[in-house]
Amino acid sequence: MKDLFPGVVEVCPGMVLLNDFADTAELATELERVLAAAPLRQMQTSRGFPMSVRTSNCGQLGWISDRQGYRYTAIDPVTGKPWPAMPSMFQTLAEQAALAAGFDHFKPDACLINYYLPGTQMGAHQDRDEMDFTAPIVSVSMGIDARFFVIGPERQGPSTAVDLRDGDVLVFGGPARRFYHGVRRLKASEHPRHGAVRWNLTFRKAR
Ligand code: SIN
Ligand code: FE2
């Protein structure tokens, strides 16, 4: 970990944490609109296990998982309609965060919404269903605290912990773009604005 500027921490080469970068009160209003059009759902892994977090998407493409595997689709399989448009505020936030972390011209076409309750977690995985690995990933945290971990290019090995709080934005690109990462089981707590839940918005360039 290396402090680059006040509130800007290099976790490892290519991974930058922007502390308290996002105004999550504004995001929550837009998020509500998105979820009214594309409700949260519990997806299954390709092996048929339910994922612990609930998800939805906005943008031209949405990331889904079912018995056929992981992929991006333009149509929400639950509603049969295109995913709701990415709010311009989301787009601007993602671009500005990428820029602050040193990645120019980030134009996300997909925003995955993850909803965590206390006790849920996300196992170690790579984000690798996108076509262009030169674009970074921008990941925004809202609500209760979580402990994120990053391992490296292989699934096994020691991990580095990153505590993510409401408003924190984690950007990973360059060498860290394909690093294994995940979220430890969430402890019960309460956020004054968002309640006893955590939201994560993951912006990606899928195509
Ligand atoms: C993810 O890696 O897909 C989610 C990360 C997070 O919830 O912070
Ligand atoms: Fe991920």
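**Close-up 1. H125 in the predicted model, between the iron ion and ligand 1.** In this predicted model, H125 counts as partly exposed, because its relative accessibility is 21% and the buried class ends under 20%. The NE2 atom of H125 is among the protein donors of the iron ion (ligand 2). Have a look at the other partner too: a polar side-chain atom of H125 lies 3.2 Å from an oxygen atom of ligand 1.

**Close-up 2. The iron site.** Here you can find the protein donors of the iron ion (ligand 2): H125 through NE2, D127 through OD and H181 through NE2, at 2.1 to 2.3 Å from the metal. Along the chain, the donors are spaced as H-x1-D-x53-H. Two of them link distant parts of the chain, with H125 in strand 8 (residues 122–125) and H181 in strand 13 (residues 181–183), 56 residues apart. H181 counts as buried, because its relative accessibility is 4%. The angles among the four donor atoms run from 87 to 177°, and the site is irregular.

**Close-up 3. The surroundings of ligand 1.** If you are browsing the side chains here, the residues around ligand 1 are N114, Y116, M122, H125, S139, F148, L164, H181, V183, R198 and N200. Two of these approach oxygen atoms of the ligand as follows. An N or O atom in the R198 side chain is 2.8 Å from an oxygen atom of ligand 1. For N200, a polar side-chain atom lies 3.3 Å from an oxygen atom of ligand 1.

**Close-up 4. H191 in its loop.** H191 sits in the loop between strand 13 and strand 14. This histidine, H191, counts as buried because its relative accessible area is 16%. Its side chain makes a polar contact with the side chain of D166 at 3.5 Å. The H191 side chain also reaches the backbone nitrogen of R193, at 3.0 Å. Setting aside neighbours within four places in sequence, H191 is in contact with G143, I144 and D166.

**Close-up 5. Helix 1, its cap and its cover.** Helix 1 covers residues 24–37, and its 14 residues should span 20 Å at 1.5 Å a residue; the end C-alpha atoms are 20 Å apart, which agrees. At the N-terminal end, D23 caps the helix, with a side-chain oxygen 3.1 Å from the backbone nitrogen of A25. The buried residues of helix 1 are T24, L27, E30, L31, V34 and L35. An α-helix has 3.6 residues a turn, so residues three or four places apart point the same way. Among the elements covering the buried residues of helix 1 are strand 4 (54–58), helix 2 (88–100), strand 7 (110–116), strand 9 (137–143) and strand 14 (198–204).

Notes:
Residues are numbered from 1 along each chain as its sequence is written. Chains are lettered from A and ligands numbered from 1 in the order in which they are written. This is a predicted model: local features need pLDDT of at least 70, side-chain atom pairs count only at pLDDT 80 or more; totals for chains, interfaces and linings use all residues. Side-chain values use heavy atoms; hydrogens and water are left out. Helices (H or I, at least four residues) and strands (E, at least two) are DSSP runs, numbered from the N terminus. The expected span of a helix is 1.5 Å times one less than its number of residues. Buried means under 20% relative accessible area, exposed over 50%, partly exposed in between (1.4 Å probe, protein chains only). Contact means heavy atoms within 4.5 Å. A polar contact is a pair of N or O atoms within 3.5 Å; within protein, one must be able to donate a hydrogen and the other to accept it, and residues adjacent in sequence count only if both atoms are side-chain atoms. Donors are N, O and S atoms within 2.8 Å of the metal (3.2 Å for Na, K and Ca); water is not among the atoms, so sites may look incomplete. Four donors count as tetrahedral if all angles lie between 85 and 135 degrees; four count as square planar and six as octahedral if opposite donors are over 155 degrees apart and all others between 65 and 115; anything else is irregular. A residue is near a molecule or strand if one of its heavy atoms lies within 4 Å of it.
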